[in-house]
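Hi,

Here is the structure I promised to pass on. Have a look at it first, and then read my notes below.

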Amino acid sequence: MIRLRTDGLLRRLLLFILLFSLCFTVLASSVQLYFEYRREMRDIEARMALIRAGYLASLERSLWDLDEAQLDTQLRGLVDFSDVARVRLVSDDFQLLRGVAEPKGPLRIERFPLDYQPPSGPARHLGELEVSIDLGAVHRRLYATGLASLLWMGVFLCGLAVALSGLFYRLVTRHLQVMAEFARRIGAGQWQEPLRLGRRTSTRPDEIDTVANALDDMRRAILSDIERRERDRLALQDKRDELQAMVERRTASLARAKDEAEAANLAKSRFLATMSHELRTPLNGILGMAELLRGGRLEAADRQRVEALYKAGEGLLAILNEVLYFARLEEGESRAELVGFSLRQLCQEVLALLEPMARDNGDALQLEIDEQLAEYQHGAEQYLRQVLSNLLANAIKFTEHGQVRLAVQVLASDQGSQRLRVSVSDNGIGIEPAVQARVFDRFVQASEAVARRYGGTGLGLAICKHLVEKLGGCIGLDSVQGQGSRFWFELDMARGQPVLASSPAPSPLASLDILVVEDVALNREVAGGLLLRDGHRVSFAEDAGQALQACAQRRFDLILLDVHLPGMSGVELCRQLRAIPGPNRHSRVLALTAGVQPGQVPGYLDAGMQGVLAKPLRLENLRQALAEAAPAEVTGVDATIDWSLLGTHRSLLGEQKLQGLLKVLRQSLEQHATALAEALPAQDFTEVLHLAHRLAGSCDSLGFSGLAALLRRLEDAARQHDEQALKALGEPLATELAQARATLEQLIQS
């Protein structure tokens, strides 16, 4: 049973309280410091006023009398004032300095003229008194006061925030969880059990009690409605006549249809997953056998029939893929993966891919790209590829011996992004005005005649609308029936950096030893026929027991493993192969399955598989998988990094998920490499065995095969307590670790 998450509201509440507490603490401390600063300044002004009122006259008298001893005493008394760092008296007769000669920190210097009025004659200017106030001491006191206030207030407010969060959980959140669970039971048809909150009954109900009572009233209303309907049905059965019976049968039929529709909607995800497997499995046999027949020696008429069979299977597979893809979009399983790419190159690639289709229809393809378009973009390339492919394929399909034009226009541009308008125009059959408003809805086509002539599911434009809106754009069309259509979409596209070149393609393959584990005889025959055609050596197993027996006897270069096996599943079988020492513990394993939903693939990889080969089995996909599975000495690919495996992870999991896995591997290397370097010279075989085993599995799963192989050699040496082997592997291990770290940094940064 799915439980309601209760940490969301608590986390946000705690965050808001802490943020408010922080702001309040800073503000209160600032105000307090301001008033402290004003008080300190007033104290300094008071001391200056005291000096002016009480000391200047005596200093003037002592200076007039040339009484140096008295002057020294008076100056020392001034230095004893709080925060007075230095006192200097300058006159024609004396140069006196008391206090610190060169005080550090900011100073406030006050100068007092010394003028004496003798009993007779005019006033005489005798010199000047300079008093230096140490503002640094004031600042230090303010800092200490402010820091103490900030700390105490922060501790108090943080404690208050935690207490309030706990109180909120006790008073609100936990009851919301109970009410949510109650609502689920009501939705599942469990109306008999009342709502009970884990709290004491109060004579003064609060808002939680009000909501709980409303929910329980709803339950009782549903029960009452059900009972009332049952009574009405029984009453009608007693009094009905022929007309009433006919109406009741019609009503019951409509009610059943409604219930069936609701049940079908709730079971849609399970049905689509089952349909994916059940339809792809026979399609695997149809397309596989057709592929085998296409490669044989056939008469012209038979070859034409086989081609027609293969085209029909391809069409059925395309429809199935479109329905499943839209279902994944509705369920939110498809997420935009932001990568760097060139929109100009993407348009050229999509046109090149659809050029054979256009040539068969006699259509001319045109491409117009605004010169202001940035060289590279950063965004969801796969979404844009899907939208362009759907719009262009539609335009080509509904246009015969005409023109199809793809145009990219820059509407607005700045340093970080550009506003683009992409349009696909044709001069085909066009769309009726009445249909244009609903053409982006699901399963909508121009007309029944168009659907019969051109086929299709009516999902292509719905998928386009869904993807464009997920990217924050808008989509529309302009069409005149009989003259053509123009579909367009607008969106903001960030500027990107140059795209790194991909790894080199593998060389032609040599013959491989391959084990096919498949319980369906037709699928075994298809896979065997395609593999034997390319010269590979193929062995078969119908279940997990036969597969384990075959793997114990000999080593295979590749194991194609059906996920849905009788008895032990293919996922569990792969886990056993990885856990049990044997010749195929580190062999490459690919899942052979029709279940290729994004939520299923991580489970296959966690079990130890290196990739997924989807049914129906296609020759080009099979050859690509074999190229990735071939040993490095056969294909010529550098064994240090398995770039093909990284590419498989990128295509199955997406760039963001792959980046997360690479960061986890980097963190694992940083944590364990130091401990491994310390355990090697200490001859700690147990620690070396443990660390090497953990790191080897992680490295191998992400394609760092060179480091993984070296770690397994280290693991074997530690298991055998071979001191010489451990010493010999120390330096190569350090070199390989440094290279792996550098490669990881490049992959993560790029």
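Let me start with a small puzzle: is C574 buried or exposed? C574 counts as buried, because its relative accessibility is 0%. Keep in mind throughout that this is a predicted model.

While we are on cysteines, C474 is another one to look at. It counts as partly exposed, because its relative accessibility is 31% and the partly exposed class runs from 20% to 50%. As for bonds between cysteines, the count of disulfides is zero. C574 is in no disulfide, and the nearest cysteine sulfur, that of C551, lies 10.0 Å away. A pair would have to be within 2.5 Å to count.

C574 also gives us a way into the parallel sheet, so let's go there next.

This open sheet has five strands in the order 13-12-14-15-16, and the pairing is parallel. Strand 13 (537-541) and strand 16 (611-614) stand at the edges; each has a single partner strand, so one side of each has no neighbour in the sheet. On average, neighbouring strands here are turned by 25° against each other, direction ignored.

Strand 14 (residues 558-562) is a good one to click on. It pairs in the parallel sense with strand 12 (residues 513-517) over four bridges, and L558 is the bridge partner of I514 there. Strand 14 is also joined to strand 15 (residues 588-593), in parallel, by five bridges; in this pairing L560 has L590 as its bridge partner. To get from strand 14 to strand 15, the chain passes through helix 16 (residues 570-579), and this β-α-β crossover is right-handed. Next along, strand 15 and strand 16 pair in the parallel sense over four bridges, with T593 opposite A614 of strand 16.

How many residues of strand 14 are buried? Five of its five residues are, so to speak, under cover. In a regular strand the side chains alternate between the two faces of the sheet. In strand 14 both faces are covered: L558, L560 and D562 are buried on one side, and I559 and L561 are buried on the other.

Two helices are worth seeing against this sheet. Helix 14 (residues 521-533) packs on it and touches strand 12, strand 13 and strand 14; its direction makes about 170° with that of strand 13. Helix 16 lies across strand 12, strand 14 and strand 15, and runs at about 150° to strand 14.

Now for a residue with a record attached. In an unreviewed entry, UniProt lists D562 for "modified residue: 4-aspartylphosphate". D562 sits in strand 14, and it is buried, with a relative accessible area of 2%. What is D562 in contact with, leaving aside its neighbours within four places in sequence? The contacts are V517, E518, D519, G570, L592, T593 and K615.

Much earlier in the chain there is another sheet, and this one is antiparallel. Four strands form an open sheet in the order 2-1-4-3. Strand 2 (95-99) and strand 3 (107-116) stand at its edges with a single partner strand each, so one side of each is left without a neighbour in the sheet. Neighbouring strands of this sheet are turned by 15° against each other on average, direction ignored. Strand 1 (residues 84-91) and strand 2 are paired over five bridges in the antiparallel sense, and R88 has L97 of strand 2 as its bridge partner.

Two helices lie across this sheet as well. Helix 2 (residues 56-64) lies across strand 1, strand 3 and strand 4 (124-134), at about 55° to strand 3. Helix 3 (residues 68-79) lies across strand 1, strand 2 and strand 4, at about 35° to strand 2.

Last stop: the stretch that UniProt, again in an unreviewed entry, lists as "transmembrane region", residues 150-169. Over these residues the chain is 100% helix and 0% strand, with the end C-alpha atoms 28 Å apart. T25, which lies in helix 1 (residues 7-54), is in contact with L150, M153, G154 and L157, leaving aside its neighbours within four places in sequence. T25 counts as buried, because its relative accessibility is 4%.

Cheers

How values were computed:
Residues numbered from 1 in each chain as written. Predicted model: local features only at pLDDT ≥ 70, side-chain atom pairs only at ≥ 80, totals over all residues. Heavy atoms only, no water. Pairing = 2+ DSSP bridges. Axes fitted to C-alpha atoms, helices over the stretch in contact; angles between N-to-C directions. Contact = heavy atoms within 4.5 Å. UniProt positions renumbered as here; feature names shortened; annotations may be inferred. Buried < 20%, exposed > 50% of the residue type's maximum accessible area, 1.4 Å probe, protein only. Right-handed = clockwise from strand over helix to strand, strands pointing away.
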